[in-house]
Amino acid sequence: MDNAFEPAGHLDLASEYFRDQGLAELVVSSQASGANGYSVAIEPDIDDLVRLHQLVRERRAFTVLEFGCGFSTLVIADALAKNADEFASSDAEVELLPADAFRVFTVDASEAWLETAIGRIPNGLQTHVVPTHSPVRAGTHNGQLCHFYERLPNMVPDFIYLDGPDPQDVGGAVNGLDFSHRERTVMSGDLLLMEPSFVPGLMALIDGRTNNARFLANNFRRSYDWLEDPGGDYTMFELAEPPLGMKNRERLAYCAGEDE
Ligand SMILES: C[S@@+](CC[C@H](N)C(=O)[O-])C[C@H]1O[C@@H](n2cnc3c(N)ncnc32)[C@H](O)[C@@H]1O
């Protein structure tokens, strides 16, 4: 696996970007709406949200899978709505669009937080968000301790954002080992289950969770460019394989901005 990305300077002028893209207004008004009565324990992280929005926009992502809902769900929905407008005003053929284009599928173990996150989405963005509630249970991948969501949305993403679950939401144990121990790091194995059907160009952004990201790097079977950025506390993977065929090639060309 190559470590080919350069840290991208995505966070330069983060606050300015957050304001200029209307994200500050979106996030502030969603907090003011009372978020369905649940208290907001973690404040929005502007740098993380800006990085996420910029990546979904720059890569012209079509279909996002998010593990761990929150303000990020709102920000991804906004980026996808902008990608949809950009696609509509481009010369690209409608046939290029994948199933589930311009949707974020967000999976969460907490019904309460899912309700809060969905409650924040303004009417104009709701068609862009598909929630899935699922328990998460400890399990194994090739004999190694990790955990899996029990229900995943049946879709194929071109962008994955891994920022959940909360370790306290992981149920079950393997031979006495569980994720309620405060020294045990989260260890999602879901991307390994999905890996065979990833398509070239897929990007996975992992927020923090460095031990989980290294577990994925050590267990992925395919070829990725990847970057671990300790300063920004994130890891990115991009499936670096030749296109599968005409459709995949055309989508990759559009996403690379080759129609401009
Ligand atoms: C790291 S948080 C996910 C944060 C989200 N991706 C974001 O950027 O806003 C992990 C889990 O905490 C719960 N959660 C979501 N928003 C939260 C908040 N504001 N405070 C505390 N927990 C939250 C959800 O169950 C989520 O799966």
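Here is a walk through the ligand and its surroundings, followed by a look at the salt bridges. Keep in mind that this is a predicted model.

Let's start with where the ligand is. If you look for the largest pocket, that's where you'll find the ligand sitting. Twelve residues surround the ligand there, and the closest are Gly68, Phe71, Ser72, Asp108 and Asp163. What kinds of residues make up this shell? Sorted by class, the shell has six nonpolar, four polar and two charged residues.

Now zoom in on some individual atoms. Aspartate 108 uses its side chain: an N or O atom there is 2.6 Å from an oxygen atom of the ligand. Over at aspartate 163, an N or O atom of the side chain is 2.7 Å from a nitrogen atom of the ligand. Isoleucine 42 joins in through its backbone, where a polar atom is 3.0 Å from a nitrogen atom of the ligand. And how much of the ligand is covered up? Taken alone, the ligand would expose 560 Å², and the protein buries 86% of that.

Let's leave the ligand and turn to the protein's own side chains. Side chains of opposite charge can pair when their charged atoms come close. In this model, the count comes to eleven salt bridges. One of them brings together arginine 60 and glutamate 86, with 3.3 Å from N to O. Arginine 60 belongs to the loop between helix 3 (46-58) and strand 1 (63-67), while glutamate 86 is in helix 4 (residues 71-88), so this pair ties together parts that lie 26 residues apart in sequence.

How values were computed
Residues numbered from 1 in each chain as written. Predicted model: local features only at pLDDT ≥ 70, side-chain atom pairs only at ≥ 80, totals over all residues. Heavy atoms only, no water. Near = heavy atom within 4 Å. Polar contact = N/O pair within 3.5 Å; in protein donor to acceptor, adjacent residues only side chain to side chain. Areas by Shrake-Rupley, 256 points an atom, 1.4 Å probe, with all protein chains shown as cover. 1 Å grid on protein atoms, 1.4 Å probe; cavity = no way out; pocket = protein on both sides within 12 Å on 5 of 7 lines; lining within 4 Å. Sits in = over half its atoms within 2 Å of the grid points. Nonpolar A, V, L, I, M, F, W, Y, C, P; charged D, E, K, R; others polar. Salt bridge = Lys/Arg side-chain N within 4 Å of Asp/Glu carboxyl O. Helix = DSSP H or I, 4+ residues; strand = E, 2+ residues; numbered from the N terminus.
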